[in-house]
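Reader: I'd like a close look at a single cavity, please. Start with how you define one, then walk me through the lining.

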Amino acid sequence: MAEVEVIHSWSAPRSLSTSLMYSFAQRDDIDVLDEPLYANFLQVTGAKRPYREEVLSNMESDGEKVVNEIIYAPGNKKYRFCKHMSKQLLPGLPDDLMKKGKHFILIRNPMDVLSSFDKVVPPTFLEIGLAALVTIYSELCDLGNPPAVIDAGDLQRDPEDALRGLCQDLNIPFQPAMLKWNAGPKNIDGVWAPWWYESVHKSTGFKTEHRYPKTFPSSLYDLLEQCLPFYNFLKRRLKRSYPLLSSPLPPPSLPVPANEKLLAWVGDEILPRDSAKVSVLDSVVQGGDSVWEGLRIYKGKIFKLEEHLDRLFDSAKALAFSNVPTREQVKEAIFTTLIRNGMFDNSHIRLSLTRGKKVTSGMSPAFNLYGCTLIVLAEWKPPVYDNTKGVVLVTATTRRNSPNNLDSKIHHNNLLNNILAKIEGNNANADDAIMLDKDGYVSETNATNIFMVKKGKVLTPHADYCLPGITRATVMDLVVKEGFVLEERRLSLSEFHTADEVWTTGTMGELSPVVKIDGRSIGEGQVGPVTRRLQNVYQKLTEETGVPIPTYKK
């Protein structure tokens, strides 16, 4: 007899935990315990089960003895596998239970769990045990031993790959014998097996015979809503997953890693990044039916907030939105989101107002009976272009929308026109793409307004096809204040090719010098003096003006 290495499996009921126990039991280096804490759970809680007395008479109910003399007892095998239900982790059990051994968490979609649960006991939030699983995950993380998480659905879709991954996480060798077992009762089964194990006794592996799931009972809908957030929390902790509809991709790195833990406003609440979602029935999903603004934050102030809100409400009115939140409500949501995130400088807000959720899918605004949905997405985000060395543009074949089709003065979320041009820019390895109007004159880029300098005169296209940007208007004012001649007129592409200087403007990127268009160097191919001068006065303006964020202290 020697010390064994204990592997703890924590799960909720009906999560293929018994199948996984059978899988590990096929190994030649392990012994298995089926819910050794069950008697202690029944004794302490007084929970009613049809087999209660049989369990209490056949199993040790003293929690301390179970942990020290059974779970961590010496053995003849290298490993010991202990199957646990999450609700069986009760206060008063020895600390060694969690501090020692290897732990992992097995989860299963509550839709699959709930529909098969009530054969022995009725399903309740506490019986399902997903909240307890999250508590176990957090406790193990606090102990410096974050557990592996495995999804029962992955075990069914690709048993070998999922088991190999689990063994790797546990730092034990995979054995092919784990993939199959004989049908029928096992001598390792708990005394409750006749009540719970009928289906698993018919199995010889993880693969399911059913391609499609059962219909979910509507009577369990409310319970499902309670359980899903806990399941989704743990699912996001999977090291690997096997999506049904796409190839698995590794988690991408974020441009600004700090944004991984941002908080976003959706509707009327602030949520963590991965929980911040809109309904599938929201108009922005159904048809891109939404308006938006970009806001930048400088040293505790929101630059041009009132102007952006003016345009937001004008766009909503142009699209005939109803039940729109008030200006003060939008401001409060913006301030609250920034304060919650501690974002007072070098950050950006994507402010969206959708027509709202529909009562059923469809195009008609008559289905929008819930009011608008407000989204405040604040991120740490420096200017997105290289404003020191300059950017490169190409001309897209995609033409800018005409007011005959969709007026660009409505700042709407349906950006496919711009996205198609941006794809052309990406394919040409350019920073952005110039978009022409229907007559071949320059309108703007896919994301910004555009200016040029020729012989000391500053020129920019009419805002007939392009969005009359707020940064554009700000820069036009600065051009005049700095004593330059400003002309707003139709401009051809060749005029930009032969310009002395070119820059773009936008809230996201501020003033971005353009050094090359369609392979042609602009001026000397570097940032020009007019551009640099306007960049400096623009920066000074951002430092001196803006709406203060409440509670901000320098």
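Author: A cavity here is a set of points on a 1 Å grid over the protein atoms alone where a 1.4 Å probe fits but cannot get out, and its lining residues have an atom within 4 Å of a point. Keep in mind that this is a predicted model, where local features need pLDDT of at least 70, side-chain atom pairs count only at pLDDT 80 or more, and totals for chains, interfaces and linings use all residues. Residues are numbered from 1 along each chain, and side-chain values use heavy atoms, with hydrogens and water left out.

Searching the whole structure turns up 4 cavities of 30 Å³ or more. Let's take the second largest, with a volume of about 50 Å³ (the space filled by probe spheres set on the points, which are joined across faces, edges and corners). Around it sit Arg296, Phe303, Lys304 and His308, then Ile470, Thr471 and Thr474, and finally Thr507 and Tyr538.

Helix α17, residues 470-481, gives the largest share of that lining, 3 residues: Ile470, Thr471 and Thr474. (Helices are DSSP runs of H or I with at least four residues, strands are E runs of at least two, both numbered from the N terminus.)

By class, the lining has 3 nonpolar, 4 polar and 2 charged residues. The charged pair is Arg296 and Lys304, while Phe303, Ile470 and Tyr538 are the nonpolar ones. His308, Thr471, Thr474 and Thr507 count as polar.

Zooming out, the chain has 19 helices and 21 strands, and its C-alpha trace spans about 95 × 50 × 50 Å along the principal axes.

Technical notes. 1 Å grid on protein atoms, 1.4 Å probe; cavity = no way out; pocket = protein on both sides within 12 Å on 5 of 7 lines; lining within 4 Å.
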